[in-house]
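Please find below my notes on the model, set out as numbered points. They follow the structure itself.

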Amino acid sequence: MKMGYNLHLEQSQKLVMTPQLKQAIKILQLASIELDQYIEQQIETNPILEMNEAEEKYEEEIIKQKEEEINWKEYVEDFDNYEYTKGVYNNDNDFNYENIISRDTTLQEHLLFQYHITIFDYKYKEIGEYIIYNLNENGYLMSKIEDIASVFQEECSTVEDILQVIQTFDPPGVAARDLKECLLIQLKQMGISNEPVFNIIENYLEEVAQNKYPYIAKKLGITALEVQEICDFIRTLEPKPGRRFASVNNNYILPDAVIKKIGSEYLVILNDRNAPRLTIRDDYRKLLSNGDGNSEATKFLNEKLNSAIWLIRSIEQRRQTIYKVVEMIVKKQRNFFEYGKKHLRPMTLKEIADEIEVHESTVSRATNGKYVETPMGTFELKYFFSSGVEGFDGEGISAESIKNYIKEIVEVENPNKPLSDDKICKLLSNQGINISRRTVAKYRDDLNIASSSKRKRYS
């Protein structure tokens with residue numbers, strides 16, 4: 001075989017991920033709140049960019065015109081009827097503490113207040129505080145008694161006594177070391193002395209979770225109905241006593257688009273009224289037109305100008321893409337908006353991508369983490385994309401629609417004789433939905449609906 005070195009030309013196409021393209025993809029994928037934060041960062045790093053205040057001034061003028069139309073005389077006459085105008089002092093000339101604005105109390109603060117008004121020797125103060133600060137957000141003690149005793153060089157019995165005092169505080173069940181202890185503390189505080197209740201919590205919590213009422217009844221020598229009633233009561237207890245004090249990060253959903261029904265038509269409105277409007281600063285624009293093209297300053301400004309123009313273009317492209325996707329969803333899912341969740345039809349990302357002539361990955365990025373407000377509620381855009389099966393009439397039925405059918409069937413079943421997955425499968429088949437028993441079980445699990453044996457009630 002002849003071997004050697006040769007030179008030859010070859011022409012090929014490949015996609016190069018330039019920084020501008022990466023930025024456009026990132027902007028498309030960002031949610032509304034994240035986009036606002038990203039724009040603020042870009043304004044800080046790019047001196048050419050600025051907020052367009054023209055539209056804001058226009059909105060202020062509209063608000064001012066509306067204020068001028070207000071009948072202030074009538075407003076002042078009714079002013080005293082509003083709750084927020086209550087005085088700082090009440091009718092008895094006492095200070096009205098309802099006017100004090102405060103933040104929510106944390107679990108630790110709530111417990112420390114109770115602990116500090118409890119009579120204790122000062123040397124035990126730090127031990128109690130240490131225990132309280134070692135509770136997790138659900139109110140459970142995360143440290144072992146032995147470890148706490150070792151830290152303060154005290155007897156374990158002393159730490160245990162202080163812990164038992166804290167366990168009498170509000171909320172009931174706080175400072176427990178496990179679920180069993182948490183529930184038992186609540187029973188004691190409620191003054192319940194029913195022996196089977198204590199017995200079930202101490203020995204059969206796993207069986208309670210699996211609804212094995214006949215098994216528990218046989219072990220305790222009582223009826224399954226009595227066990228069921230006890231388990232119903234146990235489920236009313238609080239398994240996480242500290243969660244009402246937990247500092248939860250509220251994830252507020254800001255819809256990217258709103259779908260409104262006007263007459264018989266549906267209108268898509270992008271919810272970007274409050275989004276920052278970017279523009280190029282006039283002073284830098286003049287500086288670029290009058291400056292020397294070869295200077296370092298001009299080169300720097302030209303670079304920032306290209307970056308700013310690309311950013312503005314990417315934001316507008318994101319806006320148009322989301323609008324086209326939502327508009328196509330309305331067109332494809334009209335029956336859903338007219339008649340409800342059961343009429344959601346199967347739809348794929350590729351189907352929408354072909355309609356609006358973009359790549360499937362573009363639709364995926366445009367729908368990921370984006371929400372739309374509709375007459376039926378607020379949904380993530382990905383909610384409208386699901387697989388399904390074919391019905392009797394040849395029309396597709398989405399997986400979400402099938403789940404709604406299953407949910408309705410379970411809601412009206414006889415609780416004493418719950419329907420098995422096989423029977424649910426046959427009922428769906430009668431409605432033109434042909435799916436397997438295994439698929440029914442999968443959808444039932446997705447809906448957090450227990451199996452028929454666990455749904456059974458005794459009477």
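1. How many residues lie between β5 and β6 in the hairpin that they form? The hairpin has 2 residues between these strands. β5 (residues 371-374) and β6 (residues 377-380) pair in the antiparallel sense over 4 bridges, and V372 stands opposite F379 in β6. Strands (E, at least two residues) and helices (H or I, at least four) are DSSP runs numbered from the N terminus; two strands pair if DSSP finds at least two bridges between them.

2. This is a predicted model, in which local features need pLDDT of at least 70 and side-chain atom pairs count only at pLDDT 80 or more, while totals for chains, interfaces and linings use all residues. Residues are numbered from 1 along each chain as its sequence is written, and side-chain values use heavy atoms, with hydrogens and water left out.

3. The largest nonpolar core (buried Ala, Val, Leu, Ile, Met, Phe, Trp, Tyr and Cys residues joined through side-chain atoms within 4.5 Å) has 28 residues. V326, I329, F337, I352, V363 and F384 touch the most other members. At least two residues each come from β2, β3, α15, α16, α17 and α18, with the largest share, 6 residues, from α15. Apart from this core lies another, of 21 residues, including Y115 and I166.

4. D256 sits in the loop between α13 (224-234) and β2 (257-262). D256 is buried (under 20% relative accessible area, 1.4 Å probe, protein chains only), at 7%. Beyond its neighbours within four places in sequence, D256 has contacts (heavy atoms within 4.5 Å) that include R318, K370 and Y371.

Conventions. Buried < 20%, exposed > 50% of the residue type's maximum accessible area, 1.4 Å probe, protein only.
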